[in-house]
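I opened the notebook to look up charge pairs and backbone oddities in this chain. My notes follow in the order I worked.

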Amino acid sequence: MKETDREAVATAVQRVAGMLQRPDQLDKVEQYRRREARKKASVEARLKAAIQSQLDGVRTGLSQLHNALNDVKDIQQSLADVSKDWRQSINTIESLKDVKDAVVQHSQLAAAVENLKNIFSVPEIVRETQDLIEQGALLQAHRKLMDLECSRDGLMYEQYRMDSGNTRDMTLIHGYFGSTQGLSDELAKQLWMVLQRSLVTVRRDPTLLVSVVRIIEREEKIDRRILDRKKQTGFVPPGRPKNWKEKMFAILERTVTTRIEGTQADTRESDKMWLVRHLEIIRKYVLDDLIVAKNLMVQCFPPHYEIFKNLLSMYHQALSTRMQELASEDLEANEIVSLLTWVLNTYTSTEMMRNVELAPEVDVGTLEPLLSSHVVSELLDTYMSTLTSNIIAWLRKALETDKKDWVKETEPEADQDGYYQTTLPAIVFQMFEQNLQVAAQISEDLKTKVLVLCLQQMNSFLSRYKDEAQLYKEEHLRNRQHPQCYVQYMIAIINNCQTFKESIVSLKRKYLKNDVEEGVSLSQPNMDGILDTIAKEGCSGLLEEVFLDLEQHLNELMTKKWLLGSNAVDIICVTVEDYFNDFAKIKKLYKKRMTAEAHRRVVVEYLRAVMQKRISFRSPEERKEGAEKMVREAEQLRFLFRKLASGFGEDVDGYCDTIVAVAEVIKLTDPSLLYLEVSTLVSKYPDIRDDHIGALLAVRGDTSRDMKQTIMETLEQGPAQASPSYMPLFKDIVVPSLNVAKLLK
């Protein structure tokens, strides 16, 4: 206390010192004293109140402790009394065992009395139930079956309660009600039969299907009640739980599977279209069944059964299994296409799962694929492999068939424009078109692959086509009398090249839709070059035919016979015109090329006749006569080829001008101007060689050796440059093997 007092005094001194720091504050000492007095009184009042409150709490606690002590003493006394009474009543409880047994027996007897009527009438109820089942009165039959099972289960439960180990009595009860299980099984069979025909029943007699569902619902409730009692007592009646709801869905699933599998009416041996028919029947059956389920069956089942959702899942699973089975078979190419088209397109189209009558319950986006991507990939690989073999075989067969036409004695058919053609391009591209259309039904990717395959095989096919056309030409040249219509069929082969080109372009344009695919197409071998080669060789073969007939008359040119009045050029013109009348069946592009080539070749052969030195003019008169004849014949040829080239818009005068230019050199009367004339000729035709000049001078027959030497040496000093548009004529003309020195002699 002294320490506390000292601290209090020190604190007070400190507070007073803080209040009296200035002289003017001494006037307020009384005021400070009253304020401190009020604070002291307030603190003392709060302290007293707190102490009083604590004292009241202590007083209450002591009172409660005293009461608790008295209660504990009372409880202790009561427990002692209970213990005393229990010890005294042990013998009394043991003497009540007989009463307990009597109570249990009374309970059993009460149950027996309660079921007495049913017990004695069991045989009659069994017969009635059997009759009701046979009559199809399933609800009434199930009601009686429930009564029988209830009586049996009640008696067995009481026996189980009394003595669960007494199997003899349990067996006795079970045997007495033995027909009950048979009735249950018989009723179940009737239910399953109705469920197996549920899609038919729901349209003809929906009440029957509703009755079946009600019976199943009753059994489900009984199963739940018995399972709940099992948790408490451990007792389960025989044949429980029946799980008829689970069995119902199993029956429906088995029915769906059987219905899908049973739609195959044909085999490949009996009908090539067996798979198409099979898939179409499946489509129709599944769509009809799901529409019936959506519109009718859902009204016969409780909502929590989700019958449409479950049936949809069953059908989808059954279809997936069936598609897997079909995919595992050794399918042909067209069957693979039918299967994949159905799986990838038809199944999810408006013809089936997207049908408006199934919306919105069926969401195609939630359905798993009927076939896995691995299986689809394997099928596509098999299809591409088979298709490759088929296309090769088809193309080979088409070419063999076309070759047989080449040796016919009848002319080939003409198209709408009158041009000869064979059926080969139409057959080939009809085949390609059919395969591409089929592939497009499956997927865009497969369509592109098939197009690439077609183009690849087309490239190989055209190479074989080129070889066969060449053999055809060679065989004819060995025996020009066979085949009879060689010219006509060679024209058809040439025209086919143009048809092939147009068909390839059309095919690409139709089946390549974007830049990526266009890039794929550009990577294919260039078939235009092969077709151009075939056409070029074909045209060359036809011209060869012409010049074989002209050979005799071309050999008469620039001979003594020619100078004396031969009509070789007349015959040449008639023969060429006659052939080109036949060539009118060639398409314009190739006829234009043939006309230009024929024109060039006739002129080259004429010039070759000059360069072969078949004649040497002996006088100016002969030179003049020969030159004028050359000019007339050049004009005659010019007129012919102008006529043949009409409609092409081509300049056909250039080649014949060469004959006129050579004639001018021969006709020249003043030898001193010969060098100038020859120089002019060389400048116009830069491909003319020394041996050509020497041969030409030899034909003149009047050129001295020195002049020939001078002309040759001068021309060698300044060779002329050819213009870009110049078409060489002399490079193909070979002068007979006489050297220039001999010519100069």
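For the charge pairs I took a salt bridge to be a side-chain nitrogen of Lys or Arg within 4 Å of a carboxyl oxygen of Asp or Glu. I keep in mind that this is a predicted model.

**Entry 1: salt bridges overall.** I searched the whole structure and got 27 salt bridges. I then went through several of them in turn.

**Entry 2: Lys242 and Glu219.** I looked up this pair and found a salt bridge between the two side chains, 3.5 Å from N to O. Lys242 sits in the loop between helix 10 (206-233) and helix 11 (244-261), and Glu219 is in helix 10, so the bridge ties together parts 23 residues apart in sequence. Are the two residues buried or exposed? I noted Lys242 as buried, and Glu219 as buried too.

**Entry 3: Glu577 and Lys643.** I checked this salt bridge next; its closest N and O atoms are 2.4 Å apart. Glu577 belongs to helix 22 (residues 568-582) and Lys643 to helix 24 (residues 620-644), so I logged a link between distant parts of the chain, 66 residues apart. I looked up the cover as well. Glu577 has a relative accessible area of 23% and is partly exposed. Lys643 is at 45% relative accessibility and also counts as partly exposed, because that class runs between the 20% limit for buried and the 50% limit for exposed.

**Entry 4: Asp732 and Arg600.** I found these side chains meeting in a salt bridge at 2.6 Å, N to O. Which parts of the chain does the pair tie together? Asp732 is in the loop between helix 28 (705-717) and helix 29 (740-744), while Arg600 is in helix 23 (residues 588-611); the parts are 132 residues apart in sequence. Asp732 is partly exposed at 34% relative accessibility. Arg600 counts as buried, because its 13% relative accessibility is under the 20% cut-off.

**Entry 5: a network.** I also asked which residues are linked in a network of salt bridges. I wrote down Glu400, Lys403 and Glu468.

**Entry 6: a positive patch.** I turned to the surface and found a positive patch formed by Arg34, Arg35, Arg38 and Lys39. I picked out Arg35, which lies in helix 2 (residues 29-94). Arg35 is partly exposed, at 33% relative accessibility.

**Entry 7: cis peptide bonds.** I moved on to the backbone. Most residues other than glycine have a negative phi, and most peptide bonds are trans, so I listed the exceptions I came across. The bond from Ala359 to Pro360 is cis, with omega near -5°. I placed Pro360 in the loop between helix 14 (333-346) and helix 15 (373-406). The bond from His482 to Pro483 is cis as well, with omega near -5°. Where is Pro483 found? I traced Pro483 to the loop between helix 17 (444-478) and helix 18 (486-511).

**Entry 8: positive phi.** I noted Met558, which is not a glycine yet has a positive phi of about 55°. Met558 lies in the loop between helix 20 (527-554) and helix 21 (560-563). I checked its cover too: at 1% relative accessibility, Met558 counts as buried. Lys613 is another non-glycine residue with a positive phi, near 55°. I located Lys613 in the loop between helix 23 and helix 24.

Terms used: Residues numbered from 1 in each chain as written. Predicted model: local features only at pLDDT ≥ 70, side-chain atom pairs only at ≥ 80, totals over all residues. Heavy atoms only, no water. Patch = residues over 30% accessible without salt bridge, like charges linked within 9 Å, V, L, I, M, F, W, Y side chains within 5 Å. Areas by Shrake-Rupley, 256 points an atom, 1.4 Å probe, with all protein chains shown as cover. Lys, Arg positive; Asp, Glu negative; His and termini not counted. Charge placed at Lys NZ, Arg CZ, Asp CG, Glu CD. Helix = DSSP H or I, 4+ residues; strand = E, 2+ residues; numbered from the N terminus. Buried < 20%, exposed > 50% of the residue type's maximum accessible area, 1.4 Å probe, protein only.
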